[in-house]
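Trainee: Please pick one part of this and take me through it closely. I'd like to hear how it fits with what lies around it, too.

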2 protein chains.
Amino acid sequence: MNQAARNADAGRYSLALSVLKQAFGDQLQTGEAICGQHAHTTTWIAPEPPDAVLFARSTEDVAHAVAIAAEHALPVIAFGTGSSLEGHVNAPLGGLSIDLSQMNRVLAVHAEDLDAVVEAGVTRTQLNSFLRDTGLFFPIDPGADASLGGMAATRASGTNAVRYGTMKDVVLSLKAVMADGTVITAGRRVKKSSAGYDLARLLVGSEGTLGIITELTVRLSGIPEAIGGGVISFPTIEAAAEAVIATIQCAIPVARIELLDALQIKACNAYSGLDLPETPHLFVEFHGTPAGVDEQAALFGAIAEDCGAAPLVWSSDPEARTKLWQARHDAYWAALQLRPGAKGVSTDVCVPISRLAECIAETRADIEASALQAPIVGHAGDGNFHVLILVDMEDADEVARAKAFVSRLNQRAIAMDGTATGEHGIGQGKRPYMQAEHGAALTVMGAIKKALDPQNILNPGKILPEDVA
Amino acid sequence: MNQAARNADAGRYSLALSVLKQAFGDQLQTGEAICGQHAHTTTWIAPEPPDAVLFARSTEDVAHAVAIAAEHALPVIAFGTGSSLEGHVNAPLGGLSIDLSQMNRVLAVHAEDLDAVVEAGVTRTQLNSFLRDTGLFFPIDPGADASLGGMAATRASGTNAVRYGTMKDVVLSLKAVMADGTVITAGRRVKKSSAGYDLARLLVGSEGTLGIITELTVRLSGIPEAIGGGVISFPTIEAAAEAVIATIQCAIPVARIELLDALQIKACNAYSGLDLPETPHLFVEFHGTPAGVDEQAALFGAIAEDCGAAPLVWSSDPEARTKLWQARHDAYWAALQLRPGAKGVSTDVCVPISRLAECIAETRADIEASALQAPIVGHAGDGNFHVLILVDMEDADEVARAKAFVSRLNQRAIAMDGTATGEHGIGQGKRPYMQAEHGAALTVMGAIKKALDPQNILNPGKILPEDVA
């Protein structure tokens, strides 16, 4: 939208904001600093701040605000913790950011049903702290301590997904505010239902473009009786990927199987005080009974050995294990230290497991041919991997090379029956790949968007390309 | 629709059918017998035959036929094997039934990715026969040998769902013909994706009202190294339900845990040549490594004993196991023999596992108070159970009592945070409960239906109540 068009909206926006101010008082903030904090900043996508931020305290707050916004066609962007990576919380047309971080109550834990009901602003570590004494845990763990609402909105996953699934699998039901301010409950607190359209799973992954998730019922898992795991070094990244493929094909119920290339290991050694050989590694974890964990580890060890790995280095005590997985979760920050001052651009793709070794090998070669610095790290058991490109944003040529690389990476994954994003979502950054990935289905997505948000006020400019939304 | 209104449509319909006849020749059949076979007959819902049946041979056939139907606003009903239970394939407004049973090719098995691509008419046993030598199997097993397209359309599950999930979990992607004849591919052949709206899971469970599924990519599972299981007798159905609850709460990864009440056991003894004591039973099965199966069985045995069960009767050889599970799958036919000449009306609900014992106890008491004959059998590990009411359709008072009972059963399940159907779907029979279950979300379902099928030609009169669709 150009400045002239935006000016034309200005009167309408300012009327809407004054109505919102009257309704919400100090819960509504328009200061530049606060608005700036609610614009996206972690990639090369330019921040686009909203005109105001509402700190919502309840579903009713959100419904009331969206109803006012609908009356004035004011854009509304849902905001959790701001840890999304593809410009999801940017406000390209300005408008109202609704910050849900104060909606952070755990409303119920039904231990006997293995589920919990939470407000959207509860983060994954907060929920797990709350569950400490129940013998249960919430398994989905993206790198950031994201809010559960945001994780649902982006269909997040993480290192445990290979065994415990993604947000699409663990969200049983949710409460959402629709584009006209109506509150709906999508789905029921049951393990399965065949009662009509699966609105919960339509809203999961819709990135706030169809409704704003304010409450969720999520499935919990029992903390396994035994946990074991460790690290294992491979001569090449292809060998490591082959070991992952064989592990999945043998149906070993591995709980985590993470691939880190040599460059990422170097970064983790420096940042997290590890002392691993600077070769590609798998970080693995097995959950089960004591006998089951031993059985899985033995099977995996045999597979890895066939692929040329060094012996598995077992992390027997919980402390060593925590250090290891903290290092894995800090991979992004570790990588940034490889090139201080550079911007870290994290991108992800996902391919069928049979294509993983090939896709990673081609991508590694592409990184080198593009003269980029970019560690690869991934949830290899799902066929999902990340490339963290360290870009000097002052170097226009390097920025152009990095952008061209990302474009080729996405096209490569899609050509291999894969997807442009396994877990980060589309936001603004991945919109250019939606047509190649979805073809005619994109029109159906557009029709749903128009039906549920006819004024296009819910997170406009995200997911769907201009000509569809 | 009354006859006058229907007559008004007759000219339009007959034009559409003549265009279809020209396009498809003998693939289009209008004989009364064939049309009658494509109307629903297995419950008390009156059969409503279509005006014609098209035996489709390809996605292109379906797309072509739907495009013609769209031009003439002719209703189109997708038909798999006709084993649905709630009037799903009825044609209340007449129109065209598209029979997909000849689209029965397995198009690809990607053993290394644990998936298969099939046409919609492939049945579950056909796929499993095809997979015989691969070490893989397709786990979803509703009672009938349904088509995979139909199973996806109704979000089917079965005895293995407690461990392997339902159709919503195993459909990776699908091809569908939309209401204007456009063909889309929804979803990708990957384990996870965050790329836009989850159209695959919107179409799964939409019962042919949003699009007609013509092709599916489904996730397969490895045949477990060891399988063990057996039967176990309980003094009361509440005790059996308590054992199920404790098993799930202890996170024993049971593969099957089926509840049969005393009446159903009596029926199975007679029909399938079993000789079980006529008390409530659980049929259980454990999958894993040999040590894992033993471990699960021991844990389960201890739980069951605490609930007052007799010792687990282990079916060690595959033949005994097959006989047992065949008996379970034949429960419907067995029950019918309890009262020859009666209609078997199978209804299902699903509740959170913590409410299962209570819901079954109240339901058992309701059956007795209603003077009905109705065995209970269920996928108890999911909180899902079936009541098969044996109704003398000549006895108007009994029919009325049975209908009132079904209504109370659904209301009871919904009031317990449950759902009106765990796996049978809504069709015509469960539409009256959609409002109570979904509230305001029903309007959103209606908006999606209107956006994707503005003429309401795709399976009209199903899922959504009149005032919404």
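**The α17 pair and its surroundings**

Mentor: Start where V444(A), A447(A), I448(A), K450(A), A451(A) and L452(A) of α17(A) meet V444(B), A447(B), I448(B), K450(B), A451(B) and L452(B) of α17(B); contact here means that C-beta atoms, placed from the backbone, lie within 7 Å. By class, this contact has 10 nonpolar residues, two charged and no polar ones (Ala, Val, Leu, Ile, Met, Phe, Trp, Tyr, Cys and Pro are nonpolar; Asp, Glu, Lys and Arg are charged; the others, Gly among them, are polar).

Bear in mind that the model is predicted: local features need pLDDT of at least 70 and side-chain atom pairs count only at pLDDT 80 or more, while totals for chains, interfaces and linings use all residues. Residues are numbered from 1 along each chain as its sequence is written, with chains lettered from A and ligands numbered from 1 in the order in which they are written.

Now the geometry. Helix α17 of chain A covers residues 441-452, and its axis comes within 9 Å of that of α17(B), crossing at roughly 130° (axes are lines fitted to C-alpha atoms, for helices over the stretch in contact, and angles run from 0 to 180 degrees between N-to-C directions). That makes the two helices, α17(A) and α17(B), oblique to each other (under 35 degrees is roughly parallel, over 145 roughly antiparallel, 65 to 115 roughly perpendicular, and the rest oblique). The crossing of α17(A) past α17(B) is right-handed, meaning the near helix is turned clockwise from the far one by less than a right angle, with anticlockwise being left-handed.

Zoom out to the whole chain contact: 74 residues come from chain A and 74 residues from chain B. On the chain B side, at least two residues each come from α7 (167-170), β9 (183-186), α8 (199-203), α9 (237-249), α11 (290-306), α16 (434-438) and α17 (441-452); these are DSSP runs numbered from the N terminus, helices being H or I of at least four residues and strands E of at least two. The biggest giver on that side is α17(B), with eight residues. In all, the side of chain B that touches chain A has 30 nonpolar, 26 polar and 18 charged residues.

As for symmetry, chain B lands on chain A with an RMSD of 0.0 Å after a turn of 180° and a shift of 0.0 Å along the axis (least-squares superposition on C-alpha atoms of residues with pLDDT of at least 70 in both copies). The copies are thus related as by a two-fold rotation axis. They meet through the same surface, because 100% of the interface residues of chain B are also interface residues in chain A.

Two other contributors from chain B, α9(B) and α11(B), also pack on each other: their axes come within 9 Å and cross at roughly 140°. So α9(B) is oblique to α11(B), and α9(B) passes α11(B) in a right-handed crossing. A243(B), A246(B) and T247(B) of α9(B) meet F300(B), I303(B) and A304(B) of α11(B), which gives five nonpolar residues, one polar and no charged in that contact.

Elsewhere in chain B, an open, mixed sheet has four strands in the order β1-β2-β4-β3 (strands pair if DSSP finds at least two bridges between them). β3(B) and β4(B), residues 96-99, pair in the parallel sense over four bridges, and F79(B) stands opposite D99(B) in β4(B). Helix α3(B), residues 59-71, lies across β2(B), β3(B) and β4(B), at about 175° to β4(B).

Conventions:
Contact = placed C-beta atoms within 7 Å.
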